[in-house]
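Reader: I would like to go through this model briskly. Can you start with the overall layout and then work down to the packing?

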Amino acid sequence: MIKKVLLAILGLVALVVVVLLFNTLTSTSKQIKVDPITPIAVGDEVLNNFSKAVQIPTISYNLETDPDSAVFIAFRNFLQETYPLIDSVLDRKIINRYSLLYTWHGTDSKLKPIILMSHQDVVPIDEPTKDKWQEPPFSGTIKDGALWGRGSMDDKSSLIGIMEAVERLIAEGYKPSRTIYLAFGHDEELGGHDGALEISKYLASQNVQALFTIDEGGFIVDGLVPGLSKPMAMVNVAEKGFVSYELRIETGGGHSSNPPAKNTIGMLAKAIYDLEQNQLDLKMVSPLDQQIAYLGPEMPFGMKLVFSNPWLFKNLILEGFTARTTTAPTIFNSGIKDNVIPTVAKATVNFRILPGETSETVKQHIIDVIKNDQITIKVASDVNEPSPVSEVDADGFRMIEKTIKQLYPEAVVVPGLIGGGTDSKHFYSISDNVYRFYPMHYAKGDEGLAHGINEHMKTDYLKECVQFVHQLIKNANP
Ligand SMILES: [Zn+2]
């Protein structure tokens, strides 16, 4: 009898091993085969223009502070003077005072247009950290093979990359068959409601339906994916939603010599602790399924086995991809004096919402977890629901994919989901497909650069932005 049971167990184990191996060995690469090209030559003279762009401090402070009009007009004038061919060939429309929309009319009006996006504004410098900058943040210094300053990466690298590429194409006598829009909002860092959203409304009023839109928010990452020896080019096809909720509790308070059984602070602290301990569920949703399908076959054997068998390793994989709505308590406030029980305690919790969920389902989750109707819950931020998921099986994606493979034959192209928001979320109404990718390189240690101290970008990578856009425009025009 025991022998039979053992045999049955052994048989079962053997079967699992066979299935695991079968799935691993039959998982095939989704990488396309493209002949590499020699990118166009981009000389050091362009660096001067990237530098000048960084020197104009187009700062978005906060929603209560108007943009500095002199600065944004200076930036607009700088673009006009620096790119005379664009100025004479493309139409420029100023939208909502500072945002810019250029139109490069195509020769074939039957073809759907494409939209290349970037944003003019940058985040401010944190005053207390000013001394920690190796170079003044708006100096645009070129040193040690990099351009230093706020905006060198986010997002003047792609904005100037686009301008340089288009100026060059015009000089080469190139005429696009489809219309190309260049859309540069001026308040991306504040949510893009005055800029990108207004541009998209204007385009909608002109009945524009683009083949695709491309914006920041994708990367080439080197050595950051455990097990993957090649660089990964991440083309993000969706972004998580965003909402912050304020939790507030009000009690009678009292004197600290006679504390109540349930203290204001204690009750709210428990609610926050419970939210951290009871995270929202991990879920396999689109586009994470695509991300796994593209990445899995490129991994070494052990990881490939895991990725090829989500039926067994689902949670391990999902954990690795942060495939859930995330919970982040960010503000906690209560109390004014050491001998007074406070009457009010408030906390703010930020959530990044997974596609398939909404700000409302998140609110219900909070109610279910904290189980305390003394605590009120209200929205404390702009609400962005998760974006729709753009298609991978679409011409726009294929054009971007081909461009990446031509320029970076080594790179593994992977569609993905980004946690942070970009201006492109406002473009779904006028675009069949909205993608996020420019060749921003990230390696270990670069993670905090975009909004951080000592933002800088290697000059080679700035040149790659020009090469990428130049080639993408060619690939997008039959
Ligand atoms: Zn940005």
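Reader: Into which domains is the chain divided?

Author: The model is predicted. One domain takes two segments, 45-223 and 420-476. The other is 238-379. The names are domain 1 (45-223 + 420-476) and domain 2 (238-379).

Reader: How many ångströms separate the centres of domain 1 and domain 2?

Author: The centres are taken over C-alpha atoms. On that basis the separation of domain 1 and domain 2 is 33 Å.

Reader: Which strands are the edge strands of the open sheet in the order 4-5-19?

Author: Three strands form this sheet, and the pairing is antiparallel. An edge strand pairs on one side only. That applies to strand 4 (142-143) and strand 19 (456-458).

Reader: What is the bridge partner of Leu147 in strand 19?

Author: Strand 5 covers residues 146-148 and runs antiparallel to strand 19. Three bridges join the two strands. Leu147 has as its partner in strand 19 Met457.

Reader: At what angle does helix 13 run to strand 19?

Author: Helix 13 covers residues 459-476. It lies across strand 4, strand 5 and strand 19. Its angle to strand 19 is about 75°.

Reader: Are helix 12 and helix 13 parallel or oblique to each other?

Author: Helix 12 (residues 395-407) packs on helix 13 with the axes 9 Å apart. The angle is about 130°. Angles over 145 degrees would count as roughly antiparallel, and 65 to 115 as roughly perpendicular. Helix 12 and helix 13 are therefore oblique.

Reader: Is the crossing of helix 12 and helix 13 left-handed or right-handed, and which residues of helix 13 make the contact?

Author: The crossing is right-handed. From helix 12 come Met399, Ile400, Lys402, Thr403, Gln406 and Leu407. The contact residues divide into six nonpolar, five polar and one charged. On the helix 13 side they are Gln467, Phe468, Gln471, Leu472, Asn475 and Ala476.

Reader: Why are helix 2 and helix 5 oblique to each other?

Author: Helix 2 (residues 45-55) and helix 5 (residues 156-171) pack with their axes 10 Å apart. Roughly antiparallel would need an angle over 145 degrees. Helix 2 and helix 5 are oblique because their angle is about 135°.

Reader: How many nonpolar, polar and charged residues does the contact of helix 2 with helix 5 have?

Author: The crossing is right-handed. Val46, Asn49, Phe50, Ala53 and Val54 in helix 2 meet Lys156, Leu159, Ile160 and Glu164 in helix 5. By class, this contact has six nonpolar, one polar and two charged residues.

Terms used
Residues are numbered from 1 along each chain as its sequence is written. This is a predicted model: local features need pLDDT of at least 70, side-chain atom pairs count only at pLDDT 80 or more; totals for chains, interfaces and linings use all residues. Axes are lines fitted to C-alpha atoms, for helices over the stretch in contact, and angles run from 0 to 180 degrees between N-to-C directions. Helices (H or I, at least four residues) and strands (E, at least two) are DSSP runs, numbered from the N terminus. Angles under 35 degrees count as roughly parallel, over 145 as roughly antiparallel, 65 to 115 as roughly perpendicular and the rest as oblique. A crossing is left-handed if the near helix is turned anticlockwise from the far one by less than a right angle, and right-handed if clockwise. Two residues are in contact if their C-beta atoms, placed from the backbone, lie within 7 Å. Ala, Val, Leu, Ile, Met, Phe, Trp, Tyr, Cys and Pro count as nonpolar, Asp, Glu, Lys and Arg as charged, and the others, Gly among them, as polar. Two strands pair if DSSP finds at least two bridges between them. Domain bounds come from an automatic or database domain assignment.
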